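Colleague: Please take a close look at one part of this model, the interior. Start from a single residue and work outward to the cavities and cores.

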Amino acid sequence: LIHFYKRKMFAVPNAHTDKLVLQKYFNLSIGERVQATYIWIDGTGEGLRSKTKTLDSVPKSVEDLPIWNYDGSSTYQAEGRNSDTYLHPVKMYPDPFRGGNNKLVMCETYKYNKEPTETNHRKFCLEIMNKAKGARPWFGIEQEYTLLSEDGHPFGWPKNGFPGPQGPYYCGVGAGRVYGRDIVEAHYRACLYAGIRVSGTNAEVMPAQWEFQVGPTEGIDMGDDLWVSRYILHRVAEDFGVVVSFDPKPMDGDWNGAGAHTNFSTEPMRQPGGMTAIEGAIDKMSKHHIRHIKAYDPREGKDNERRLTGAHETSSIHDFSAGVANRGCSIRIPREVAEKGYGYLEDRRPSSNCDPYRVTAVIVQTVCLDD
């Protein structure tokens, strides 16, 4: 009987625990102490990890946060015989889960020899942004994702079949057209509480697929804010017992993939007459298509091969193209921008599981630094 109850207890997923019971513990005062959740990117370049540290007082800036360490051999970032890996805090956010003065802390990762880990692309990105700060690069990323049940099947889909064909689901309303809106709403509010500039959200073309937009933000903030918004999404989905997938083609067949369309502009692009600068940027990007493709997913294009086929509102991964209001191009110029003669461009190639530090860095390298 005891073994039976142990098995039942460990089989209960997080979503089935009573959050009202948890709340009475969150109502306990911890005085001046603060819980700081350190967040970092693991060795896959996609996964996020976190752990929490107690601070004796409220940190006023990231400089008040200590460097910490973790076992890099358990995150694909070090060998067991030399596993200490270091967390360097870089940006701090109000914690939407614990509330109060508690914090979420985005971190860079460093090896024992003080060199950045292989998946710490933030260090290089910051160097690029500092070199190009005179251009004032702005970004807005449209983060698409898919909600899955714990068995890996798209959330809300029939267990032994498929929903109706794509068409009624994009920006849809109604129980038969959208799945998981509670998660979307909770995530939206949690990001706003954390100070992340989420500018909107919508249901996507494939059922159980959603999108939220982060931005506009300048320089390095885009990467920081998008990674933390992904962390918040995973944490919110935990509470609902739902899995978040950033796979760029989660379902084979006649279903849309998932991207991270990246809107980009510089100061000259945003000024009247900026179309000349926009066209110049597109020309530069056309000459570095392969370099961009390699930076736009964690496997240097292998993930995007499944998505960038020329179908389902994508361009071919093998060709560079640009056009006004054309969602089948590599680069889209919004019609409003073309009519006004200034604004921004949209790079539709980055995959949903991209590293925004790599994406934003390579765009700035190509357009602003002629590198």
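Modeller:
**From one loop residue to the interior**

T117 sits in the loop between β5 and α3 (122–131). The model is predicted. With a relative accessible area of 4%, T117 counts as buried, because buried means under 20%. Its contacts come next. Leaving out residues up to four places away in sequence, T117 touches Q77, T85, T109, Y110 and K111. One of these neighbours, T109, also makes a polar contact with T117, side chain to side chain, at 2.5 Å.

T109 leads on to a cavity. It is one of the residues lining the largest cavity. The rest of that lining is I41, M106, C107, E108, T119, N120, H121, R122 and Y357. The volume of this cavity is about 60 Å³. Which strand gives the most to its lining? Strand β5 (residues 103–110) does, with four residues. By class, the lining is mixed: four residues are nonpolar, four are polar and two are charged.

How many cavities of 30 Å³ or more does a search of the whole structure find? It finds two. The second largest has a volume of about 30 Å³. Its lining starts, in sequence order, with Y169, and includes R177, V178 and Y179. A203, E204, M206, P207, A208, Q209 and W210 also line this second cavity. Here the classes divide into eight nonpolar, one polar and two charged residues.

Now the cores. The largest nonpolar core has 62 residues. Within it, Y145, I196, I232, L345 and I363 touch the most other members. Helix α5 (residues 221–240) gives the most to this core, with nine residues. Apart from it lies another core, of 11 residues. Among the members of that other core are W40, L55, L87 and V105.

Back to I363, one of the residues in the largest core that touch the most other members. What does I363 touch, not counting residues up to four places away in sequence? The list is F139, T262, F264, M285, H292, Y296, D347 and C368.

To recap the starting point: T117 is buried, and its side chain makes a polar contact with that of T109. T109, in turn, helps line the largest cavity. Strand β5 gives four residues to that lining.

Conventions
Residues numbered from 1 in each chain as written. Predicted model: local features only at pLDDT ≥ 70, side-chain atom pairs only at ≥ 80, totals over all residues. Heavy atoms only, no water. 1 Å grid on protein atoms, 1.4 Å probe; cavity = no way out; pocket = protein on both sides within 12 Å on 5 of 7 lines; lining within 4 Å. Points joined across faces, edges and corners; volume = space filled by probe spheres on them. Helix = DSSP H or I, 4+ residues; strand = E, 2+ residues; numbered from the N terminus. Nonpolar A, V, L, I, M, F, W, Y, C, P; charged D, E, K, R; others polar. Core = buried A, V, L, I, M, F, W, Y, C linked by side-chain atoms within 4.5 Å. Buried < 20%, exposed > 50% of the residue type's maximum accessible area, 1.4 Å probe, protein only. Contact = heavy atoms within 4.5 Å. Polar contact = N/O pair within 3.5 Å; in protein donor to acceptor, adjacent residues only side chain to side chain.
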